[in-house]
Amino acid sequence: MPTLRRALAAAAVAALVLPLGACGSGDGGGGSTDASGKVEGDITFQTWNLRANFKPYFEGVVADFEKKYPDTKVKWIDQPAEGYADKISADAAGGTLPDVVNVSPDLVAPLAKAGLALDLDKAASSYRKEYLDGAWASHRIPGMTGTYAFPWYLNTGPLFYNKTLFERAGLDADRPPTTYDDLFAQALRLARETGGKVATLANVPTVEDFGRYGVQLMNKEGTGFAFNDAKGVQLLTKYKELYDAKALDPQALTATPESSGKKFLTGAVAMNPGSALDLGNFKKQAPGLYKNIGITDQITSTGHVNMYVMGVMVNSRTKHTAASVAFAHFVTDAQRQMSFAKKVAIFPSTAGSLDDPYFTEQDGTDETRVRVAAAKSLKNAVNYTPVLFSEQMKTALRNEVAKALQGKETPKAALDNAVKACDTLLRQQG
């Protein structure tokens with residue numbers, strides 16, 4: 001995750017690579033996996049690029065925990081966004097991994113494989129019922145039993161669309177696409193009516209898009225990828241049609257969430273994913289767009305929207321397992337998550353929290369409308385990005401998708417090649 005902002009905007013959380021080999025096998029030493037003992041001892045808690053904006057909040061959490069457990073002392077450290085995965089890798093290899101660590105699912109996977117992440121299904125099963133099913137499952141590793149991090153904050157978001165651009169193309173601005181068939185048909189019409197000057201989408205399909213489309217991403221054993229099936233080929237073929245018609249922005253092959261957002265701000269594309277945070281940005285930077293903004297649900301063939309999830313992992317080799325598990329749970333319990341969610345536009349992963357009036361009651365503002373809709377969709381949302389899908393794999397898929405869109409390969413050949421490359425990288429993970 002290069003920036004918290006990217007996650008909060010519910011754009012693409014960029015998975016960072018943590019080579020399994022860098023973790024090492026260790027000496028097998030360390031603390032007990034029993035979290036039922038007395039909560040005591042000095043522990044270290046590491047977050048990911050959160051100090052600058054949330055220092056008082058986390059200092060308060062630490063103070064409250066130490067007050068509840070006077071025999072503990074928590075040292076809070078925060079690492080910058082850049083190089084976070086490398087820092088974890090170095091700490092894991094050097095035996096200096098903090099006791100409690102802020103992770104994303106892709107970061108916890110190699111740590112779990114190396115035996116450095118505590119299995120919470122064994123050590124903290126009593127807390128399982130406090131979290132949403134989908135959130136708890138997000139830190140499970142294919143091919144392994146167990147759950148290796150407490151789920152923390154979640155995010156998802158709607159699709160924003162420019163009503164003015166829809167109307168100019170003769171489309172009903174009050175009836176945005178709700179299915180993929182609608183999306184593709186309306187995108188082609190919008191491109192045709194504007195002479196190819198306005199695209200509908202600014203991003204090539206990612207693994208999350210294949211998941212939303214209903215493609216099986218991996219085999220059930222978690223030993224290989226499967227997004228080159230007929231449904232996957234169908235989706236990429238549709239995107240090829242959009243690209244040829246300029247309904248997909250010509251610069252989509254090299255687009256980033258930031259560049260796509262700018263395209264939407266300037267009216268170069270008609271739709272873009274986002275979150276409630278973006279509304280304030282629209283209001284400030286593009287008041288004309290804000291006045292004519294349309295908000296609709298994520299398009300999915302599965303009935304489940306995509307969610308992004310952060311987690312809090314316990315180092316299996318901590319010398320103070322009870323204190324580390326207690327603190328990881330404390331940070332992610334319902335009270336703390338609700339407090340955090342009211343400071344920034346994220347959502348709690350705790351069961352029942354999304355039923356709070358803050359997430360269910362409208363007040364007439366667009367910001368609340370987005371928050372309420374997102375909270376509702378999160379109750380059965382899915383983290384479509386496979387836990388084992390590394391940044392290198394994302395690059396491999398993106399490169400092959402680009403070849404298909406440019407006509408250098410057929411969609412089938414491109415996805416076959418992408419799966420082959422990703423399977424090779426998967427075997428290299430261990």
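Here is a short conversation about a predicted model and the residues, pockets and cavities in it.

Visitor: Let's start inside: which residues touch the most other members of the largest nonpolar core?
Guide: Nonpolar side chains tend to be buried together in soluble globular proteins. Here the largest nonpolar core holds 127 residues, and helix 15 (residues 321-332) supplies its largest share, eight residues. The members that touch the most others are F227 and F327.

Visitor: How many residues are in the other core, the one apart from it?
Guide: The other core lies apart from the largest one. Its members include F160, L265, I293 and V370. The number of residues in this other core is 15.

Visitor: Is V382 buried, exposed or partly exposed?
Guide: V382 sits in the loop between helix 18 (366-378) and helix 19 (391-405). Its relative accessible area is 29%. Buried means under 20% and exposed means over 50%, with partly exposed in between. V382 is therefore partly exposed.

Visitor: Which residues is V382 in contact with, leaving aside neighbours within four places in sequence?
Guide: Residues far apart along the chain can be compared here too: V382 and R212 are 170 residues apart along the chain, and their C-alpha atoms are separated by 9.1 Å. Once the neighbours within four places are left aside, the contacts of V382 are H304, V305, N306 and M307.

Visitor: How many residues of helix 5 are buried?
Guide: Helix 5 covers residues 105-113, nine residues in total. The buried ones are P105, D106, L107, V108, A109, P110, L111 and A112. After the helix comes G115, with a positive phi near 80°. So the helix is mostly covered, and its count of buried residues, with buried meaning under 20% relative accessible area, is eight.

Visitor: Which residues lie nearest the centre of the second largest pocket?
Guide: This pocket has about 480 Å³ of space. Its lining has 24 residues, divided into eleven nonpolar, ten polar and three charged. Those nearest the centre are L217, N383, Y384, T385 and P386.

Visitor: And the cavities: which helix gives the most to the lining of the second largest cavity?
Guide: Two cavities of 30 Å³ or more turn up in a search of the whole structure, and the second largest has a volume of about 30 Å³. Its lining residues include L132, L154, M307 and K379, and the lining divides into six nonpolar, two polar and two charged. With three residues, the helix that gives the most is helix 7 (residues 133-137).

Methods: Residues numbered from 1 in each chain as written. Predicted model: local features only at pLDDT ≥ 70, side-chain atom pairs only at ≥ 80, totals over all residues. Heavy atoms only, no water. Core = buried A, V, L, I, M, F, W, Y, C linked by side-chain atoms within 4.5 Å. Buried < 20%, exposed > 50% of the residue type's maximum accessible area, 1.4 Å probe, protein only. Helix = DSSP H or I, 4+ residues; strand = E, 2+ residues; numbered from the N terminus. Contact = heavy atoms within 4.5 Å. 1 Å grid on protein atoms, 1.4 Å probe; cavity = no way out; pocket = protein on both sides within 12 Å on 5 of 7 lines; lining within 4 Å. Points joined across faces, edges and corners; volume = space filled by probe spheres on them. Nonpolar A, V, L, I, M, F, W, Y, C, P; charged D, E, K, R; others polar.
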